[in-house]
Amino acid sequence: MPAGPLSHRLNQQLWRLRPKRGTPIEGLEQRRVIRVETPTSPQPGWRTVRGQVLDAGSEEGLPGVTVLLKGTTLGVSTSADGSFVLQVPPDGYSTLAISSIGYTTREIALGWLSELTVKLTVDVKQLNEVVVTGLGIERRSASVGYSVSSITVNSLQGKVAGLQIQDASPDSKARVMLRGTRSSTGDGQALIILDGLPFNGQFTDLDPAIIASVNTIKGAQATSLYGAAAANGVLIIKTRKVAPADGPGQDPRLAMRRHFRDYAWWRPLLLTDARGQARTDVVLPDDVTSWDSFVLASDDHGRLGQATGRLRAFKQLRAELATPRFLVAGDRTQLLGKSLNYGFDTARVATTFRAGGQVLGTQNRLVSSVAVDTLTFTAPASAVPDSVTLSFALAQPNGYQDGEQRTLAVLPAGTRETVGTFATLAAADTTVQLVIDPALGEATVRLESDALPLLLSEIEHLQRYAYLCNEQAASKLKALLLERRIRAVQAQPFRGDRAVNFLIRKLLAGRHQPEGLWGTWPNSPVSPWATSHVLEALLDAEKAGYTLKLDRAPVQAFLLRELDAQLSEAATVAALRRQHPAYYRGYYQSADDLIRLLSLLHRLGAPTDYRTYLTRFDRLQTGRQPLDRYLALTALRQQLGLPYQLDTLRRYRLRTQLGGVFYGDTLHASTYYGYLLRGRVGSTLLAYRVLRAAPGHAAELARLRMGLLNLREGGHWTSTFEAAQVLETIGPDLFADGKPATFARAQLSGGLSQTVSEFPFTAKVAATAGSIILHKQGLLPVYATAYQTRWSPAPAPVAGAFTVRTALAGQTGTRVVLRAGQPAELVVTVDVRAEARYVLLEVPIPAGCSYGEPAAPNYLETHREYLRHQTGIFLDQLPIGHHEFRIALQPRFRGRYTVNPARAELVYFPTKFGRSASKQAEVR
């Protein structure tokens, strides 16, 4: 109000009506402040008392109750379920004073008790009406003599301090204005709150006869409570009774909020009218929050514009319900109902919990700012129905209501169980029966095979590579020579002769001079592995009938000098004495390069005493050799017709979940191929060549081919060199010379009749169809499965393809205890005995927990999905060994919860799985 005579007289009147200092207002209880201190660290010699404070009527825990050691300031407040922990001196004479607003105070003599349960009864004394002033001091309504303006009216204008109603005629919209500080923008219209809700109707629609009271709020206090919309003041109106459902400002949907989500609406195709304006009607979700609006616009000329805005949802008095996001059948949880009062007056409300239409509990409360109700709820023992609807609501005597309703999924206890048949068909002609149980549901049949298109795809992938160093040119040449053989057995024309001749010329021109050998590029130093790779490709082309203009004599002479420099008798003796000739170092110095040198000389047909050189080589070796060097040396002995041993090879044999085999040295790094190939790829290729040269290993070679074909990553092998090495090693064995090849074909009969030649193949079969007979033909393997699913309510742990274990907050047993509000970590360990591809790890979480900050993922993870009831972790590859996966949890709701088993399975063959045991988790 502007300064002036009227302002001066009002201030004098307020001064006369002020309460006299030191004189209590009659009948008004004086403000009570209880100082409570809690030791921050354990006190030596003190004992710990634990307990819970309950409502005597409902038997529910009471939060926020003060537990004080009488005669001291030592105390604590109870948590959401009414529990408390307090340290007391060891005198044996302590007394606890337990008090809470609205309840009678109790005093308990402790003696030597360490645990106790206290029940408080409601205080029947009625509280006088209280108004909270802007200074936060509670007074009786009659004692407030200034601008809260709580009055009973029949006509508003002239009765409320500073209120002006302009154009209050039946035919025009009234403007409500409050004198005092206001926004510099807008029309001065005050915000009207009618029975706790913003009122947007015409002011003349209000019947003065039903108005019980009017309050006004001005200045910074109004904007702090109601936002920028209250910059011109707030007029708070309460009615005597509930207005009709279709009355102004009333919406029956707001009494119970049900629809919650993080987004409001999306309108992608709005067009402006002739005035350049666009409009749309939206229905916001029931979340009481702020909604940010983003507008992007463009005209016919491609000019862009944008704008943002904020819409704030508000309720002066509201109820909120906090529940877990799901429950498992039989779970016992604690529901939290919160009553929030943003007004100035203490509100008298009745709160109610409901499950569907059943009342679970009700309580009368006085809410000044916030009040919390708790209720223990037990989910149905069976998951039928599969959800439960819970609500928490408050109601006032004047008919105002608010509440939240949430529907929780009720999941069955146990786990999905996959049963069925899995078979790996490696032999060229074989038959297997896929059994289907008529007592279970629909069956899924899936067949997979690595067919001919895979090889041709790899060859095409190699040819598309953009660069052409010596290694890449040799790799492309080897791939084209394999394609030529494939096209020949398929009776198809080969159109790559021109490319083959170009690559031959390219490689011959790329030699390093004066040696006449090869590096990775023409100007690169001579490389032993690149020389071997290029000469192998050129010699293969010559063998296939292409013209090779290569003078071998200078190449042989240079390589023989290299051999003598390293493995002559004098050089061998000097090496044994650790004396190295200073006059020539050579290109072939390492043990692996010397094996390459001997093998290359033999391939070129160079005349020399290979047995003697190998004997000298063996004299230089000390200790156990790496697996790949041992295999390369064995392959060389086979080429030379010298004795060799394969007895120790089996110890390096590793399996895949689908029946494939590969070889790997888990103790020593690969040296023969080094960085050129992944360790197990190089070792497996060398093992394949060695076993192919030895009789009686046809079945093992088929398993090795499966293993190598499964070592692709991202649909291809990892480099041009790797692809060329694999293709030239196993490619010729996948078809028979001189006749068309049958790579893989499956004939299904019985419950399903069909011929399958394209993979993968998937079909659904009725449970009553009967078993399926699968007859497979062809050189490539076929992986076959027929499976059905069922629900197991009491699953036992399964250590099958995987062994899965879980630990929650460091506890590995079947019963674990968590502390509400204290972060916990769920650790899943998976032991793998045979390498697996495409694995899904499903990890259920307790219903009383939410997710914490994401834990660091395992480096093998491809993708992680956080669902409300479980975490799904996808892995393209899971090698042999012990693996850990971590999930951060935040226990929130007290109760007892079932944690269903964690499960690891092959995505496409789910009968290959393993699972952990179920757990019972208690959140305290």
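Of the 924 residues in the protein chain, 46% are buried, meaning under 20% relative accessible area with a 1.4 Å probe on protein chains only. This is a predicted model, where local features need pLDDT of at least 70 and side-chain atom pairs count only at pLDDT 80 or more, while totals for chains, interfaces and linings use all residues. Residues are numbered from 1 along each chain as its sequence is written, and side-chain values use heavy atoms, with hydrogens and water left out.

The chain has 14 helices and 47 strands; these are DSSP runs numbered from the N terminus, H or I of at least four residues for helices and E of at least two for strands. Among contacts with a separation of 6 or more, 68% involve residues 24 or more positions apart, a contact being heavy atoms within 4.5 Å.

Now to strand 2. Residues 66–69 make up this strand, with Thr66 and Leu68 pointing one way, Val67 and Leu69 the other, and all of them buried. Strand 2 has the pairings below, where pairing takes at least two DSSP bridges between two strands.

| Partner of strand 2 | Sense | Bridges | Opposite residues |
|---|---|---|---|
| Strand 3 (residues 75–77) | antiparallel | three | valine 67 and valine 76 |
| Strand 5 (residues 95–99) | antiparallel | four | leucine 68 and alanine 97 |

Strands 2 and 3 form a hairpin with five residues between them, and glycine 71 in that turn has a positive phi of about 85°.

On to the helices. Helix 6 (residues 528–543) and helix 9 (residues 591–604) have axes that come within 10 Å and cross at roughly 20°; axes are lines fitted to C-alpha atoms over the stretch in contact, with angles from 0 to 180 degrees between N-to-C directions. That makes the two helices roughly parallel, a label for angles under 35 degrees. On the helix 6 side, the contact includes Trp529, Leu535 and Leu539, and on the helix 9 side, Arg596 and Leu600 are among the residues. By class, this contact has six nonpolar, two polar and five charged residues. Here Ala, Val, Leu, Ile, Met, Phe, Trp, Tyr, Cys and Pro count as nonpolar, Asp, Glu, Lys and Arg as charged, and the others, Gly among them, as polar.

Helix 9 also packs with helix 7 (residues 552–567), at an angle of about 145° and with the axes 10 Å apart. Leu559, Leu560 and Leu563 are among the helix 7 residues that meet helix 9, whose side includes Leu597 and Leu601. The residues of this contact divide into 11 nonpolar, two polar and two charged.

Technical notes. Buried means under 20% relative accessible area, exposed over 50%, partly exposed in between (1.4 Å probe, protein chains only). Angles under 35 degrees count as roughly parallel, over 145 as roughly antiparallel, 65 to 115 as roughly perpendicular and the rest as oblique.
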